[in-house]
Amino acid sequence: MTLYSQYTEGASALTSFLKSQELIFNVSDLIIYKSKPYAFLKKISPWYWFTRPMTKFMINFFHNKSLIGVEIGVEYGLNAKTMLAMLSLKKLYLIDPYRDDDASYQEARRYLGSYKDKITFIRKTSEAALDDIPGILDFVYIDGSHEYEAVKTDIELFYPKVKPGGVIGGHDFWAKEIGVCKAVLEFAEKNNIQLHGKQTDWWIVKQ
Ligand SMILES: C[S@@+](CC[C@H](N)C(=O)[O-])C[C@H]1O[C@@H](n2cnc3c(N)ncnc32)[C@H](O)[C@@H]1O
């Protein structure tokens, strides 16, 4: 199943337009777009609408600096595409094992195809992928397994890969993801680090 197939039935002219622009992310995003006239859509950078708070923070924090980053947990590449569109990226490593899910992997490759020179897929778990990433990183966005132990491991393994002045954070820092919250809060508390949070994103600026 492709990302867009669920929107195919009964597609309106607006839906077709959004599809042609690759602007559809999920149902709630579609509802936002449906409430806006076409002219307005054309005036804004569409990606800003879907850009997660940590990425918005990085836009201001890094300005136009050329960045090397990682996303753990890529799925269809939806968040990856906003990062590629909104940040000045030299390289984005995309880590996801896509266990028994070749269709999602193919969809992500297709969806991010226009950025193929800037991305490297690492089809492994985050733990196994660590050694495939050379050098140090400007940022890491964690959105893989949401289990407590997995998030804890991702933070502990990838924090040392981030350069001082870099950013590490992730998604689903909210009441329904207790494992994510627990791992993030424990790490920040244990290391006496200032934690930033907005909507469902969390992030830390490494000192
Ligand atoms: C919530 S989805 C990621 C969504 C994506 N970050 C976005 O916002 O567009 C979670 C993904 O994490 C992947 N995943 C699960 N365990 C993982 C692990 N140990 N390491 C890396 N990725 C993992 C899954 O295959 C799945 O595609």
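1. **Asp100, an exposed loop residue.** Asp100 counts as exposed because 7 other C-beta atoms lie within 10 Å of its own. By this count a residue is buried with 20 or more other C-beta atoms within 10 Å, exposed with 12 or fewer, and partly exposed in between, each C-beta atom being placed from the backbone. Asp100 belongs to the loop between strand 2 and helix 7. Its phi is near 50 degrees, a positive value in a residue other than glycine. For background, most residues other than glycine have a negative phi.

2. **What you are looking at.** Please keep in mind that this is a predicted model, in which local features need pLDDT of at least 70 and side-chain atom pairs count only at pLDDT 80 or more, while totals for chains, interfaces and linings use all residues. Residue numbers start from 1 along each chain as its sequence is written.

3. **The overall inventory.** The protein chain holds ten helices and seven strands; these are DSSP runs numbered from the N terminus, with H or I and at least four residues for a helix, and E and at least two for a strand. Of its 207 residues, 31% count as buried. Among contacts in the protein chain with a separation of 6 or more, 69% link residues 24 or more positions apart. Here a contact means that two C-beta atoms, placed from the backbone, lie within 7 Å.

4. **A second positive phi.** Where does Asn192 sit? Look in the loop between helix 10 and strand 6. Asn192 has a phi near 55 degrees, again positive in a residue other than glycine. Asn192 is exposed, since 7 other C-beta atoms lie within 10 Å.

5. **The sheet.** In what order do the seven strands of the open sheet lie? The order is 3-2-1-4-5-7-6, with mixed pairing; two strands pair if DSSP finds at least two bridges between them. Strand 3 (119–122) and strand 6 (196–198) are the edges, each pairing on one side only. On average, neighbouring strands are turned by 15 degrees against each other, direction ignored.

6. **Its two edges.** At one edge, strand 2 and strand 3 run parallel and are joined by four bridges. Ile95 stands opposite Ile122 of strand 3. In a regular strand the side chains alternate between the two faces of the sheet. Strand 3 has Ile119 and Phe121 on a covered face, and Thr120 and Ile122 on an uncovered one. At the other edge, strand 6 pairs with strand 7 (residues 201–205) in the antiparallel sense over three bridges. Gly197 has Trp202 of strand 7 as its bridge partner.

7. **Helix 6 on the sheet.** Helix 6 (residues 78–86) lies across strand 1 (67–72) and strand 2 (89–95), running at about 170 degrees to strand 2. Such angles run from 0 to 180 degrees between N-to-C directions, and axes are lines fitted to C-alpha atoms, for helices over the stretch in contact.

8. **Around the ligand.** Which residues come nearest to the ligand? Of the 17 around it, they are Gly73, Glu75, Asn79, Asp143 and Gly144; to be near, a residue needs its C-beta atom, placed from the backbone, within 6 Å. Strand 1 and helix 6 each supply at least two residues of this shell. The shell has seven nonpolar, six polar and four charged residues. In this scheme Ala, Val, Leu, Ile, Met, Phe, Trp, Tyr, Cys and Pro are nonpolar, Asp, Glu, Lys and Arg are charged, and the others, Gly among them, are polar.

9. **A closer look at Glu75.** Glu75 is found in the loop between strand 1 and helix 6. Is Glu75 buried, exposed or partly exposed? It is partly exposed, because 19 other C-beta atoms lie within 10 Å. Leaving out residues up to four places away in sequence, Glu75 touches Asp96, Ser104 and Ala108. Asp101 is 26 residues from Glu75 in sequence, yet 9.3 Å away in space, C-alpha to C-alpha. Asp101 lies in the loop between strand 2 and helix 7 (102–111), and it counts as exposed because it has 12 C-beta neighbours inside 10 Å.

10. **A helix pair to finish.** The axes of helix 9 (residues 148–158) and helix 10 (residues 178–190) come within 8 Å and cross at roughly 35 degrees. Tyr148, Val151, Lys152 and Ile155 of helix 9 meet helix 10 residues including Gly179, Val184 and Phe187. By class, this contact has seven nonpolar, one polar and two charged residues.
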